[in-house]
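Work through the exercises below with the coordinates open, and try each task before reading its solution.

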Amino acid sequence: MFDKVLIANRGEVALRIHRACKEMGIQTVAVHSTADEDAMHVRLADESVCIGPPAARQSYLNVPAIVSAAVIANADAIHPGYGFLSEDDKFASIVEEHGLCFIGPSADHIAMMGDKIAAKRAMIALGVPAVPGSDGPVSEDAEAARIAGEIGYPVLIKAAGGGGGRGMKVAETEADLPSALAMARSEAKAAFRDDSVYIEKYLHGPRHIEVQILADGEGNVVHLGERDCSLQRRHQKVLEEAGSPALNDDRRDEIGRIACAAIERLGYRNAGTLEFLYEDGEFYFIEMNTRLQVEHPVTEAITGIDIVREQIRIAAGMPLGFRQDDVVFSGHAIECRINAESSETFAPSPGRITDYHPPGGLGVRVDSGLYAGYSVPPNYDSLIAKLIVHGATRNECLMRLRRALQECVIEGIETTLALHDRIISHADFINGDYDIKWLEALVGEAG
């Protein structure tokens, strides 16, 4: 097992990794920008190293600085968390080349799944269902028109080299296609330095379902059930729950078996998440995330399995200590992503926290680095806390979540607490009757 792990991230995920390491008897090294010198994970880590100014490119994306910090601190391994360098295959390779262990999958698998077209091809070859569309990048408008005509309008044009909604456009008709292609390519070039795009059939009202897997690279693969991540705003997840209200046990078992079989044949190692669109009883693979997910706590809540701990064990060369039959699903869990934003306009709201009181009680977990007097910097993602609630049933979970939201106090800045209260009070959500377009319609941003 490792003696010391450097955490190449910030905020609540850095604190989450620190806690897992300490419970395993592993020392931690926090890296931070000058904007984060007072962050909670920096305060709690055994050691800390400043790696640059506030701009992410000069700090949390500064590979030489991060690797140098690990070498200087005599760390054994680097955990990338999520975001930043977590899905950068070149970073994973550089870490390994410097005699350090990258806590994640191989660079080859990161590269494969980072290319959405290559990922789709690989998964189709492994027997995973996918959305109908082009089998590679579409470079000519005439070719795009031919493919769109074959699969039928509307179609979705997507960037091959990235996600998060950037480089994604819908063409409702053949007349819309040229402008949609041009805009998607332009956005993809700006966001990912790659204007390659591909085409998929546009689904009208699907759910976003993802399956969490763990694999030790030695043929042992398990799935930890699914998460429903359909509540999204501008392709960014807002609230997630496990399991999905849309699935019964047979469909849950089926997609879990498909995911495990594909991952085993792929020879994948560490944690990963297969993401699907689900409509009219059918699953369609869209991408695989080769890292820890923001929403992993809801899976931990219903399984009792510490996913970060398992990541570290696998990276240290240890086999999975349990099999699929050992995974027991218990109850229901929901996570609310609390952002430093207005619940009405969604404008960012960085600033000093004047008062902070997280909720507590049975089945309530808060992942956050907030404290009274802390200043939320304007330089990074606006996620400041995750409220995770678990109950024996979905109804019990909802009642507990409503109480927890009412208890939560974050003052000094605006937050999205009110938005979450509005979501979970809506009859559609209470009934589990929503899809990936529901939230934007609720907040008046459909279209």
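## Exercise 1: Two asparagines with positive phi

N74 is found in the loop between α3 and β4, where helices (H or I, at least four residues) and strands (E, at least two) are DSSP runs, numbered from the N terminus. The model is a predicted one, in which local features need pLDDT of at least 70 and side-chain atom pairs count only at pLDDT 80 or more, while totals for chains, interfaces and linings use all residues. Residues are numbered from 1 along each chain as its sequence is written, and side-chain values use heavy atoms, with hydrogens and water left out.

Task: determine whether N74 is buried or exposed, and do likewise for N270.

Solution. Begin with the backbone: phi of N74 is near 60°, a positive value in a residue other than glycine. N270, also not a glycine, has a positive phi of about 95°, but its place is in strand β12 (residues 269–279). Next apply the cut-offs, by which buried means under 20% relative accessible area, exposed over 50%, and partly exposed in between (1.4 Å probe, protein chains only). N74 counts as exposed because its relative accessibility is 60%, whereas N270 counts as buried because its value is 0%.

## Exercise 2: The parallel sheet and its surroundings

Task: find the strand order of the open sheet of five strands, and then state which residues H79 touches beyond four places in sequence.

Solution. The order is β3-β2-β1-β4-β5, with parallel pairing; two strands pair if DSSP finds at least two bridges between them. At the edges stand β3 (47–52) and β5 (101–102), each of which pairs on one side only. Strand β2 (residues 27–33) is joined to β3 in the parallel sense over five bridges, and V31 has V49 in β3 as its bridge partner. Helix α3 (residues 63–72) packs on this sheet and touches β1 (4–7), β2, β3 and β4 (77–79). The direction of α3 makes about 155° with that of β3, given axes that are lines fitted to C-alpha atoms, for helices over the stretch in contact, with angles that run from 0 to 180 degrees between N-to-C directions.

Turning to H79, this residue lies in strand β4 and counts as buried because its relative accessible area is 1%. Not counting residues up to four places away in sequence, H79 touches V5, L6, I7, A8, I17, I103, V308, Q311 and I312, where contact means heavy atoms within 4.5 Å.

## Exercise 3: A covered strand

Task: establish which residues of β6 lie on each of its two faces, and identify the strands with which β6 pairs.

Solution. In a regular strand the side chains alternate between the two faces of the sheet. In β6 (residues 155–159), five of the five residues are buried: V155, I157 and A159 on one side, L156 and K158 on the other. With strand β7 (residues 169–171), β6 pairs in the antiparallel sense over three bridges, and V155 stands opposite A171. With strand β8 (residues 197–201), the pairing is again antiparallel, over five bridges, and L156 stands opposite E200. The loop between α7 (141–151) and β6 contains P154, and the peptide bond from Y153 to P154 is cis, with omega near 0°.

## Exercise 4: The largest nonpolar core

Task: identify the residues with the most contacts inside the largest nonpolar core, and the element that gives this core its largest share.

Solution. A nonpolar core is a set of buried Ala, Val, Leu, Ile, Met, Phe, Trp, Tyr and Cys residues joined through side-chain atoms within 4.5 Å. The largest has 37 residues, and L387, I410, I423 and F429 are those with the most contacts inside it. Elements that each supply at least two residues of this core include β14 (332–339), β19 (383–391) and α13 (417–425), while the largest share, five residues, comes from α12. Leaving aside neighbours within four places in sequence, L387 is in contact with residues that include I334, C336, V366, L401 and L405. Apart from this core lies another, of 30 residues, among them F2, C101, L224 and V308.
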